[in-house]
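Work through the following exercises with the sequence and the model open beside you. Each task is followed by a solution that proceeds step by step.

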Amino acid sequence: MQNEILALIIVYGQIPVETTSYKTLAATRKTSAKVRLLMWDNSPEPHHTNESFALNFEQATYISTPENFGLSTIYNKVIKKHLHHTEFLLLLDQDSEIPSDFFEHFSRHSSQHPEIDLFLPTIRANGRFVSPLPYFYGWGRYWMTPRKGIQSSKFRCAINSGMMISGKYLKGDFSGYDERLRFYGTDTQFMVTYARSRKEFFIMDTTIDHDLSFFGATSKNKASKFLEMKSAYTWIYEKHPYYQRALNIIVMSIVSIIYALKHKSLSFLNKQ
């Protein structure tokens with residue numbers, strides 16, 4: 001039995017068919033999966049696609065939104081209008097290198113664990129295993145050695161790219177993405193929300209190499225991105241119990257000081 005998958009690639013400022021995510025996704029072996037492609041282009045100008053765009057997929061759709069929608073808005077639109085209940089949604093940005101056997105691993109793991117609604121690859125960036133990772137109210141730590149198999153959803157986080165999420169969950173129990181979160185914090189909001197109704201997720205035996213912009217940024221840009229994340233956490237926890245909101249404030253204050261000392265910049269201590 002083949003898995004049904006909707007692969008969403010969000011692009012900005014690049015020709016869609018020249019992105020790493022598109023090229024490596026097109027080259028994956030798909031004997032175990034029926035993959036529909038949705039290319040969502042946030043670039044200021046739309047790009048032309050030709051017949052070859054859809055060659056390696058069951059179906060391929062191109063959408064252009066020059067107004068540059070936030071990730072949360074795009075995700076909500078895709079879940080509501082494009083995702084089928086029987087499909088898994090694969091989230092990708094434009095810079096992920098998907099292994100050729102990615103869908104074979106997913107097919108094997110999902111058939112063994114049909115009760116699981118979230119399957120994650122290990123994400124490697126700049127030589128570090130950056131996702132999934134232990135997480136505590138805004139503070140995450142990398143695992144030196146990647147974990148595999150069934151994991152507790154409690155106090156875990158992961159980045160969006162590479163997530164495989166069941167349509168059954170997204171169109172059922174999931175309450176939707178907070179559209180105040182344009183880019184940063186959407187992955188954390190999802191994982192925090194998922195953990196409230198799902199006790200477990202699965203880490204697949206496959207690794208995606210990914211370009212994580214935070215590592216390559218200047219201290220000034222890192223501070224700007226960090227403050228955006230810090231603001232996002234305020235929204236993520238605003239309806240949670242008081243003690244959780246307080247823990248988030250305390251943790252993020254400590255992290256702000258650590259980053260300010262590490263980068264010798266008071267910008268990390270600013271209010272968003």
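## Exercises on aromatic rings

**Exercise 1.** Find what lies over the face of Phe 57.

*Solution.* In this predicted model, Lys 30 is placed over the face of Phe 57, and its distance from the ring centre is 5.1 Å. A charge counts as sitting over a ring if, among other conditions, NZ of Lys is within 6 Å of the ring centre.

**Exercise 2.** State how many aromatic pairs a search of the whole structure finds, and classify the pair of Phe 88 and Phe 119.

*Solution.* The search of the whole structure gives 21 aromatic pairs. For Phe 88 and Phe 119, the ring centres are 5.9 Å apart and the planes meet at 65 degrees; because planes over 60 degrees apart count as edge-to-face, that is the class of this pair. The next step is to place the two residues: Phe 88 belongs to strand E4 (residues 88-92) and Phe 119 to strand E6 (residues 118-125), so that the pair links distant parts of the chain, 31 residues apart. Finally, Phe 88 is buried at a relative accessible area of 13%, and Phe 119 is buried at 0%.

**Exercise 3.** Decide which class the pair of Tyr 135 and Tyr 233 belongs to, and which parts it ties together.

*Solution.* The centres lie 6.3 Å apart with 45 degrees between the planes, which makes the pair tilted. Tyr 135 is in strand E8 (residues 133-136), whereas Tyr 233 is in helix H7 (residues 219-236), and the pair therefore ties together parts 98 residues apart in sequence. Both Tyr 135 and Tyr 233 are buried.

Conventions: Residues are numbered from 1 along each chain as its sequence is written. This is a predicted model: local features need pLDDT of at least 70, side-chain atom pairs count only at pLDDT 80 or more; totals for chains, interfaces and linings use all residues. Side-chain values use heavy atoms; hydrogens and water are left out. Rings of Phe, Tyr and Trp (its six-membered ring) pair if their centres lie within 6.5 Å; planes under 30 degrees apart count as stacked, over 60 as edge-to-face and the rest as tilted. Helices (H or I, at least four residues) and strands (E, at least two) are DSSP runs, numbered from the N terminus. Buried means under 20% relative accessible area, exposed over 50%, partly exposed in between (1.4 Å probe, protein chains only). A charge sits over a ring if NZ of Lys or CZ of Arg is within 6 Å of the ring centre and within 35 degrees of the ring normal.
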